[in-house]
Each structure stands twice: as C-alpha cells, then as structure tokens.
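Welcome, and please open the model in your viewer. We will go from stop to stop, selecting residues as we go.

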Amino acid sequence: VRKDSKKVLVTFGLAESRLLEELHAQLFLPLVRRATWQHGLSKEDAGDVVQEAFVLAIRKLNNYDRAAIWLRHTVDNLCLNAKRKQRRRACLTAHWLSDARSGPVSSDSDDE
Amino acid sequence: MSEIRSLVEAIPRWLALCRISTPNLGLERNEARSRAVLLLDELQHGHERDGSLKVRGEEIDTLHAAVELLSEESDFSRRCALGYPLFHYVRVLVWADPIGEREDLLHAIGGLLRRPAREGDTQSAVMVLELSPANRIGRSDVLGLERPEVLGSIARILWERGERNPELVRAEAVFFYCFLAEPVRSIGSMDERECCLGEFALIAGTYCRVLNRRADARLWFDRAEVNFRLTVRIQADLSRLAYQRLALRAEERIFDEVLDQAPLLTENFRRLGMEEDAVKCGFLTGLALQELGRPAEAIELFKEASAESERGGYRKLHAHAENNLFMLYANHGDTTLALERCRRASAVFAELGNRVGLAKLRWNVGGFLRTQGRISEAIETYRFALEGFRELGMRGDEAAVLLVIADLLLEQGAEAQAEWEIRAALPIIDEEKMVPEGMAAYALLRESVRRRKIDRNALRDVHGYFQE
C-alpha cells in the first residue's frame with residue numbers, strides 16, 4: 001500500500017463513509033443531470049463521470065461542509081476531460097479508418 | 001487498525017447503497033425532449049400546471065430538455081413566446097436543490113430570452129457615435145442613450161471598429177461606462193445596466209491591453225467582472241473576460257499558464273456555443289506553443305484555426321491566423337508558403353480596414369526580410385509598421401519597433417542613427433512604465449546610450465520583453 005493510500009484508509013473512517021452515503025443519495029442524480037444537460041454527455045457517460053467524482057471524493061475531500069460545491073466543480077472538470085477524450089478518440093478513429101481504406105496494414109505494424 | 005477494518009467492512013454496504021452496477025440515471029435524453037415539447041406547448045397555451053407540486057427527478061430532466069429546445073429555436077419571437085411561461089413556471093417550482101439547478105435553469109432561460117436585445121438599434125447607435133461626447137450628454141433622451149437596444153448596438157460597433165482605431169474605441173467605451181455609472185440610470189427592466197457596464201468595461205480593458213496599458217487593462221477587467229457577476233448571462237460574459245485576462249498573460253510572456261488554461265477556456269466557449277470565441281482562444285494556445293519552441297504543433301493549430309474561421313465567416317480571425325502562419329513558415333525557412341499566407345492576410349486586413357492587423361503584418365514582413373538578409377528593405381518595412389503604430393497610438397509597439405530598427409542599424413554600422421532611434425524609444429518606455437521585468441537590461445541600455453556606446457545585448461534583452 002502506497003503512503004498516500006495508507007493515509008486515505010486511516011483518515012477515512014465510518015463517519016465519513018456515512019456522510020458520503022448521504023451525499024451520494026442527495027447529489028448523484030442532480031450531478032448526472034448537470035453532466036448530461038450542461039455538458040452534453042450521454043446519460044451513461046454522465047453516470048460514469050459522477051461515480052468517478054465520488055471515488056475522488058473518498059481520496060481527496062477534506063471539508064464535508066463544502067462537499068456539494070466540491071463535487072459540482074469536480075464533475076465539471078471531469079466532463080471537460082471526458083469530452084476531450086471523446087473528441088480525440090473520434091479523430092483517431094477517423095484517422096485509422098482513412099488508413100484502413102487506403103490500404104491493408106501489415107501484420108508487423110500490428111504487432112508493434 | 002480498527003479504523004481500517006471498519007472502512008473495509010463499510011465498503012460492501014457502501015457499494016450496495018450506490019448500486020454501481022445499475023444506477024438510476026433519470027430520464028433518457030430523447031424521452032425528456034419528447035416530454036419537453038408537450039410541456040412547452042401546454043405552458044404556451046396557458047394550461048395551468050401546478051407549480052407548487054413537489055418535482056421529481058424525471059421532471060427536472062424535462063425542464064433541462066425544454067431549455068435545450070428553447071436554445072435551438074432561432075425565431076426570437078417564438079423563443080420568447082415559449083420561454084417566458086417556462087421561466088415563470090420554473091420560478092415557482094419546489095424541489096430539493098443541493099447544487100443550484102433551479103438557478104442554472106433560470107439563468108439559462110433568462111440568457112436565451114435577452115441575448116438578441118443586444119442587436120437592437122444600429123441606426124441610432126451610428127448616429128450617437130457620430131456626435132462628440134459633449135453633444136451627447138444633454139440629448140441623451142432624444143438619442144436613446146438609456147435604451148438597451150441602442151447601448152447594445154454601440155458596444156457591437158465599438159468591437160467591430162476596435163482594430164481600426166483602438167485609442168478612439170477605448171475612449172468611447174470609457175465615456176459610455178462613465179455615462180451609465182454616474183448618476184445611476186435605469187436601463188431596461190432586468191440587468192441591462194450591469195450588462196452594459198460590464199460590456200463597456202470589457203471593451204475599455206481590451207483596447208487598453210492592445211495599447212499596452214496593462215495596469216489600466218487590469219483595472220477595467222476588474223470593473224467588468226464586478227458588473228458581469230450581477231447579470232444572468234454570467235457564464236458567457238465571464239468567459240469572454242477570462243479570454244482577455246489570458247491574452248494579457250500571453251503578452252506578459254507567461255506561456256506555461258496560457259498553455260494550461262487556454263484549452264479549458266476553448267472547451268468552455270464551445271460548451272456555451274460561442275464558436276468564434278473558441279477559435280480566438282485557440283490562437284493563444286498556438287502562440288504559447290510557438291514561443292515555447294514547438295512550431296510544428298503551432299503550425300497545425302493555426303492551420304486548423306484558419307480553416308475553421310474561414311468556414312465560420314470570422315474574417316478578422318482568418319486574417320490573424322494567416323498572419324501567424326506567415327510568421328511560422330518564415331521562421332521555418334519555407335519562403336513560398338510564407339509569402340502565400342502573407343498575401344492572404346494582407347488582402348483580408350486591407351479589405352476590413354484593420355489597421356492594427358496591417359501594422360502587425362508589416363512588422364512580421366520586416367522580420368521576414370531580416371531573416372533573408374535584406375537589411376535595408378527590412379528597415380524600410382519596419383518604418384512603415386512604425387508609422388502605423390504611431391497613428392494608432394500603440395505606444396508600446398512603437399517603442400519595440402524603434403528598438404528593432406536600432407538593432408538593425410547597429411548591424412549596418414550606423415551607430416549614430418541607432419542611438420537616435422533608441423533615444424526616441426526610451427521616453428515611451430519610461431512614460432508607459434513598460435518592461436518592469438526587464439528593468440536591469442533597460443538600465444544598462446539607458447546607461448550605454450548616455451555613454452554613447454550602445455550595449456547591444458541590453459538592447460536585445462529589452463526588446464525581448466516587448467515581443468508578443
């Protein structure tokens with residue numbers, strides 16, 4: 001176990017776990033809606049992003065009084081990352097497709 | 001150990017509560033849009049909806065979808081007909097709202113309903129701008145200076161004229177800001193006054209930045225922020241402000257920060273549907289890449305920006321992209337491509353009457369001739385650019401070009417002439433309180449001129465702080 005993981009495990013006790021459960025119940029759907037309608041993600045991607053934000057909260061959230069604001073900002077940032085990834089993936093797919101159309105790829109390059 | 005054990009024991013319970021494998025994600029997008037069509041129709045035809053009922057998650061999805069449909073409605077009168085009932089409906093709804101969703105919805109609807117008010121009355125705006133400031137004040141009623149449509153059009157015209165005459169546009173923006181700020185005037189029915197104040201402060205700040213008056217630019221950007229924060233279209237306006245602040249960072253050569261923040265801001269503009277601003281923000285990334293020694297990436301980025309701005313009809317941006325490509329190709333030694341880009345940029349700048357763009361292009365042409373070893377022609381071209389900057393009141397750029405000319409004259413062995421150029425530049429640097437970061441080099445240069453033996457390294461160091 002790495003040092004920071006150890007610290008997370010020790011500091012994240014039962015009380016925090018209960019608080020996070022409550023936050024999850026309150027905020028999960030509103031945050032999914034935010035990711036869907038304000039950032040234009042699909043519902044599935046929005047759900048993944050919000051789950052990721054809660055996983056980050058376990059490791060990084062210190063001040064539970066400001067948890068809603070923290071989670072909202074985190075979801076916003078994760079949505080931007082997700083959209084960037086989507087765009088990059090679309091570019092690469094288009095690039096690979098054009099390569100595939102222009103000629104067969106040798107098995108050597110596949111192995112690489 | 002007991003704490004770790006308790007955490008480990010809590011994990012299955014936590015997972016069960018989260019239902020990670022089958023989370024409820026609310027209403028599907030298409031379903032929400034179908035329901036939103038019905039909702040908007042009912043609201044428009046005055047069907048009573050019980051707003052005091054507690055709203056469920058699915059209904060909030062429908063409200064978001066309704067806003068999305070509203071944003072897609074291009075006919076402004078129909079958008080208003082659909083939007084006002086929706087606005088009043090959302091305002092009275094009750095639901096547990098831990099992340100401020102209702103405010104976001106109201107802001108979005110408010111923004112969609114009042115955005116075209118800025119397009120307003122161009123004819124009156126042109127008339128107002130033809131009068132001198134002293135003639136406007138006493139006739140503000142007749143001229144409609146307290147009508148948001150006129151003020152919005154004035155702001156739009158000032159943005160368009162900015163690169164033809166930045167000093168005049170800055171002065172006009174300051175005039176209209178002061179006119180609205182004191183005494184407090186009642187403009188429009190919502191937040192139009194704050195919106196106009198923010199807009200004029202942003203224009204004043206932008207053209208202070210163009211004119212190299214960075215301290216003033218910061219002051220105006222702060223004023224713009226204070227006013228924009230009171231408006232409903234806060235996200236869009238603060239993003240435009242963030243762009244200007246980032247451009248200021250680029251001019252201060254803090255490129256790491258620019259490279260870090262510009263892509264996020266570009267993304268933000270795209271999310272808000274502000275494509276032109278997104279393209280413009282991409283320029284900052286290109287500039288930072290170029291300055292950080294990554295020209296190949298910068299070329300790719302500017303090529304993309306040039307194509308995108310041409311497609312979108314953003315002609316000024318297209319010309320600026322071509323100008324940047326010209327410089328990049330010239331530095332790369334690719335003369336044919338460079339000249340082609342230069343020709344394109346020049347044609348568009350001339351057509352638009354963009355004097356700032358033309359002066360900067362001439363500066364770049366001077367640099368290109370210098371790399372070709374055509375020193376005399378380079379000096380001539382720099383002088384041409386110098387004239388342009390003088391006419392435009394761009395004192396910082398004027399001083400920078402004077403120093404470059406001095407450097408070239410030293411290269412030709414014309415030390416006395418070089419000293420003359422430096423002596424012309426020094427008062428401007430003093431007066432405008434420029435190069436605080438290059439104070440040591442500046443002091444060396446000043447001292448070397450006093451001794452009449454110019455320190456060329458100091459000259460180049462000082463010039464380095466001017467370069468954008």
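Which side chains meet in a salt bridge at 3.0 Å, N to O? Select E398(B) and R390(B): their side chains are the ones that pair up at that distance. Bear in mind throughout that this is a predicted model. Now colour the two partners by accessibility. E398(B) is buried, with a relative accessible area of 7%, whereas R390(B) is partly exposed at 46%.

**More salt bridges in chain B**

Next, select E251(B) and R209(B), whose side chains form a salt bridge with 2.5 Å from N to O. This pair joins distant parts of the chain: E251(B) sits in helix α13 (residues 234-251) and R209(B) in helix α11 (residues 192-210), 42 residues apart. Is E251(B) buried or exposed? E251(B) counts as buried because its relative accessibility is 10%, under the 20% cut-off. R209(B) is also at 10% relative accessibility and counts as buried.

Move on to R270(B) and E308(B), a salt bridge whose closest N and O atoms lie 3.1 Å apart. Here the link runs between helix α14, which holds R270(B), and helix α16 (residues 295-312), which holds E308(B), with the two positions 38 residues apart in the count along the chain. R270(B) is partly exposed, with a relative accessible area of 27%, while E308(B) is buried at 19%.

For a network, select E322(B), E340(B), R341(B), R343(B) and R344(B), which are linked by salt bridges. If you search the whole structure, the total over all chains is 44 salt bridges.

**A buried leucine**

Keep R341(B) on screen and add L325(B), in helix α17 (residues 315-332). L325(B) is buried, with a relative accessible area of 0%. Beyond its neighbours within four places in sequence, L325(B) contacts I299(B), F302(B), K303(B), S306(B) and R341(B). Draw a distance from L325(B) to S306(B): their C-alpha atoms are 8.9 Å apart, although 19 residues separate them along the chain.

**The nonpolar cores**

Now show F200(B) with its surroundings. Not counting residues up to four places away in sequence, F200(B) touches L151(B), I154(B), A155(B), L158(B), A173(B), F176(B), Y177(B) and L180(B). F200(B) is also among the residues with the most contacts inside the largest nonpolar core, a set of 72 residues; I154(B), L158(B), F176(B), L180(B), I203(B) and Y382(B) are the others named there. Highlight helix α21 (residues 395-411) of chain B too, since this helix gives the core its largest share, eleven residues. A second, separate core has 28 residues, including A36(B), L39(B), L40(B) and L43(B).

**Where the chains meet**

Finally, bring chain A into view. What is buried between chain B and chain A? About 3,200 Å², 59% of it on carbon and sulfur atoms. The contact draws on 33 residues from chain B and 34 from chain A.

Select D61(B), in helix α3. D61(B) is buried, at 0% relative accessible area. Leaving out residues up to four places away in sequence, its contacts reach R33(A), W37(A) and K43(A) across the boundary, as well as G26(B), L27(B) and A32(B).

Four salt bridges join the two chains. For one of chain B's partners, pick E267(B), which pairs with R87(A) at 2.6 Å between the closest N and O atoms. On the chain B side, the elements giving two or more residues are α1 (2-18), α2 (29-44), α3 (57-72), α5 (101-114) and α14 (255-271). The largest share, nine residues, comes from α1(B). By type, this side divides into 17 nonpolar, six polar and ten charged residues.

Conventions. Residues numbered from 1 in each chain as written. Chains lettered and ligands numbered in written order. Predicted model: local features only at pLDDT ≥ 70, side-chain atom pairs only at ≥ 80, totals over all residues. Heavy atoms only, no water. Contact = heavy atoms within 4.5 Å. Buried area = accessible area lost by both parts, 1.4 Å probe. Helix = DSSP H or I, 4+ residues; strand = E, 2+ residues; numbered from the N terminus. Nonpolar A, V, L, I, M, F, W, Y, C, P; charged D, E, K, R; others polar. Buried < 20%, exposed > 50% of the residue type's maximum accessible area, 1.4 Å probe, protein only. Core = buried A, V, L, I, M, F, W, Y, C linked by side-chain atoms within 4.5 Å.
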